Amino acid sequence: MAVVFQKTKGLTDKETHYCPGCTHGIIHRLVAEVLEELDILGETIGVAPVGCSVLAYDYFNCDMQEAAHGRAPAVATGIKRSLPDKIVFTYQGDGDLASIGAGEIVHVAHRAEKITTIFVNNAIYGMTGGQMAPTTLIGQKATTAPLGRDSSTTGFPLKISEMLATIQGAVFVERVTVHNPAAIRKAKKAIKRAFEVQIAGQGFGIVEVLSTCPTNWGMTPIKALGWLEDNMIPYYPLGNLRTPEEAK
Amino acid sequence: MAKVLMKGNEAIGAAAIKAGCKHFFGYPITPQNEVPEYMSKELPKVGGVFVQAESEVAAINMVYGAAGSGVRVMTSSSSPGIALKQEGISYIAGAELPAVIVNIVRGGPGLGSIQPAQSDYNQSTRGGGDGDYKLLVYAPANVQEMVDLLQEAFDKADYYRNPVMVVGDGMIGQMMEPVEFKERPHVDLPAKDWAAVGTKGLRKPNVINSLFLQPEDLEEHNIRLTAKYQKMKDNEQRYEAYNMENAEIICVAYGTTARIVKNAIETLKEEGINVGLIRPITLWPFPEKAFEVLPETAKAFISVEMSMGQMIDDVKIVSNGRLPVDFYGRSGGMIPTPEGIIGKIREMIGGAK
C-alpha cells in the first residue's frame, strides 16, 4: 500500500504539552518538515526559549540547547560562531523575544549572524498564565491588563518584524500566519526560505508567525483562529518585509 | 621558553590562547579592557573567534552556546559586569558545561570605582546566580601565577564540566611583570560526546539543558552536582603557607593583598614578631586543609582583604572557634599598606598579651 502521509522525521515521538487548539504544534511541524526537506536535520542545532515552547528541545529531532529567557539569539550566536558550517535556529515566543529578549534579537540582526529565528507571536504570555506582552493589542484583556491594554499607560503593541527590517544585517524578514490551510502553506514557504538564506550564508533571517492562544485568550480554538484573522492581521500585516536581494 | 614582560590583562589573553581557547565573547568594562582588545587582535590570527557582545548578559549567553558546542571558551569582565553574568553562569553550571570566566575586580557596590578591590569574594564563592551551584575559583597573586592558573582552568573546566572563575584584583590586570609560558603536562580529558554539534543522523539528539520539571529529577541532578563539588573540595584546594613556624598571628590573605602582607611579615620578623600567612590560591574550594594543623604558638587569625570583610566568614568557619578571627581591610580602591597591616597586628599582639 502506498504511503500517502507520514509524520516528519523532524519531530520526535514525544507527545507535546501544548493546549488544545494552540498553533505551536503546527509551527513545530512546519519547521521540522523544512529541516527534513532541506536534509539538514543532522546538521542543525536548535535553541529553545523560555515560555510555552520551553520544552521544544523534547520535540525537535535534532541537537538542541535550552536558553535563558530572551537569550536564545545570544546562545545561537555562540553556537554558530563555534560551528559555522552548521545550521542554527532559535524558536521564540513574543514574551521571550519582544520583551526580555528585545536587546538580543536586535543585536543578532545587527551583527548579521547567520542564524534563523522562528518568532511565534500570540500577543500574550502563555506559559505564565496570560499576562500582557509588548505585542498585546490595544483593548485586549490580559491578567495584568484586566480592563484591556490601555495605550495611555502601556503604550502600543511592538511591531518586531517592521523594526528588524530596518537593520541591514536582517536579510530575510517575513510575517506569516497559520490560521487556515492556505496561510499554513505560505508560512512553510517563508520558513523554508529563511533556512535557505542561512544555508547560503546571507545573513540573519526571521519569520514572525501569528499564533493563537485559545486558553489565555479565553476562546474556543475556532473562535481564536477568527480572532487572529480579525484583530491581529490588521495590526500585524502579513507579507515579506525583506529579502536578501532587497537587502543588498 | 624565555620570560617576557607582559601586562596582566594581555597575559590573560595570551595564556587562554596557549591553552587552546579560540572563542572569546566579551563586553568592554574597565579595568579589563586589554583582555578583549588583545583577543580581538590575536584570535583571528589563530583561526579563532572574537565577538564583542551587546552586553555582559549576551556575552555570557554566547559563552553558554559555544560551551554547548564543545569548544574551549572564555569571557572576561569586571565586578558589575560579572554581576550581570551571574544568571548565565548559573545556567552553565546547571547544564554542566565547561567555560572560563575572568573577573578583574574593581570596587563596588553599584558602579563603585575602577580601582582594584577584592569585594567580589562573596560574588565569586557564593554565586550570584540562582540555585545550588559552585565554581572552581582561582585567585592568583602575580601575573605568572595568573598565566599558569588560567591555562589550568581550561583543563579543570573540561574535567569537571563546570565553569571555572579566575579572580584577579584590578592591580593584577594592570601591572606588568615578567612571565614565562611553560610547557604544560598533558592532561587526559574525557571526550565531549555530550556536545550539541548536530547528530549527523548517527545518534539521538543531544540536549544542553538545565530544566528539570520533575522534582525528583531536579533533586537527583542537585545531588549529583553536589557530589561533583565535593570531589572538587577533596582534590582542588590550593594554598601557600608562608612563615607559619612559631607564628603568633596568622594572616589569611589572597591575591595582591597577600604580597603586601608578606612585606609586613618581613618587617615584623626583624622586630622578633612571628606572623604567618595562609594564602588561599583557590577561593572555592576554600583551602580548609591549610587550617587543619596550626602552630601551637598561634593566638589569632586575621583576614586581610581589599574589602570591608568577606573572606573573614570562611576563616571563621574553618577556625571553628579554635582561635579568634580579626580583620583588617581597605576598600574603594584603597590598597592596604604594610604599615597599616603592621599597626593592626601590633594592636592584636598588645591585646593578646
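These are my notebook entries on chains A and B of a predicted model.

**Ground rules.** The model is predicted, so I kept local features to pLDDT of at least 70 and side-chain atom pairs to pLDDT 80 or more, while totals for chains, interfaces and linings use all residues. Residues are numbered from 1 along each chain as its sequence is written, with chains lettered from A and ligands numbered from 1 in the order in which they are written.

**Entry 1: chain B overall.** I looked up the secondary structure. Chain B has 11 helices and 15 strands (DSSP runs numbered from the N terminus: helices are H or I with at least four residues, strands are E with at least two). Its radius of gyration is 21 Å, close to the 20 Å from the globule rule for 353 residues, so chain B is as compact as a globular protein of that length. The radius is taken over C-alpha atoms, and the rule is 2.2 Å times the number of residues to the power 0.38. The C-alpha trace of chain B spans about 75 × 50 × 40 Å along its principal axes.

I then looked up burial. Of the 353 residues of chain B, 55% count as buried (20 or more other C-beta atoms within 10 Å of the residue's own; 12 or fewer is exposed, in between is partly exposed; C-beta atoms are placed from the backbone). Next came contacts (C-beta atoms, placed from the backbone, within 7 Å). Among those in chain B between residues at least 6 apart in sequence, 79% join residues at least 24 apart.

**Entry 2: domains of chain B.** I found domain 1 at 4-235 and domain 2 at 240-352; the bounds come from an automatic or database domain assignment. Their centres, over C-alpha atoms, are 29 Å apart. Domain 1 puts 25 residues into the contact and domain 2 puts in 22. On the domain 1 side, the elements giving two or more residues include helix H5 (121-126) and helix H8 (215-235) of chain B. H5(B) gives the most, with four residues. That side divides into 13 nonpolar, nine polar and three charged residues. My classes: Ala, Val, Leu, Ile, Met, Phe, Trp, Tyr, Cys and Pro are nonpolar; Asp, Glu, Lys and Arg are charged; the others, Gly among them, are polar.

**Entry 3: a five-strand sheet.** I traced an open sheet in chain B with the order E10-E12-E11-E14-E15 and mixed pairing. Pairing needs at least two DSSP bridges between two strands. The edge strands are E10 (239-242) and E15 (325-329) of chain B, each pairing on one side only. Neighbouring strands are turned by 20° against each other on average, direction ignored. E14 (300-305) and E15 of chain B pair in the parallel sense over five bridges. B:Val304 has B:Tyr328 as its bridge partner in E15(B).

I checked the helices lying across it. H9 (255-270) of chain B crosses E10, E11, E12 and E14, at about 165° to E12(B). H10 (312-319) of chain B crosses E11, E14 and E15, at about 160° to E15(B). Axes are lines fitted to C-alpha atoms, for helices over the stretch in contact, with angles from 0 to 180 degrees between N-to-C directions.

**Entry 4: chain A against chain B.** I found 29 residues of chain A in contact with 33 of chain B. H3 (72-82) is among the chain A elements supplying at least two residues. The largest share of the chain A side, eight residues, comes from H3(A). That side divides into 13 nonpolar, nine polar and seven charged residues. Strands also pair across the chains: two bridges join E2(A) to E9 (207-208) of chain B, running parallel. A:Gln65 stands opposite B:Ile208 in E9(B).

Key. Two residues are in contact if their C-beta atoms, placed from the backbone, lie within 7 Å.
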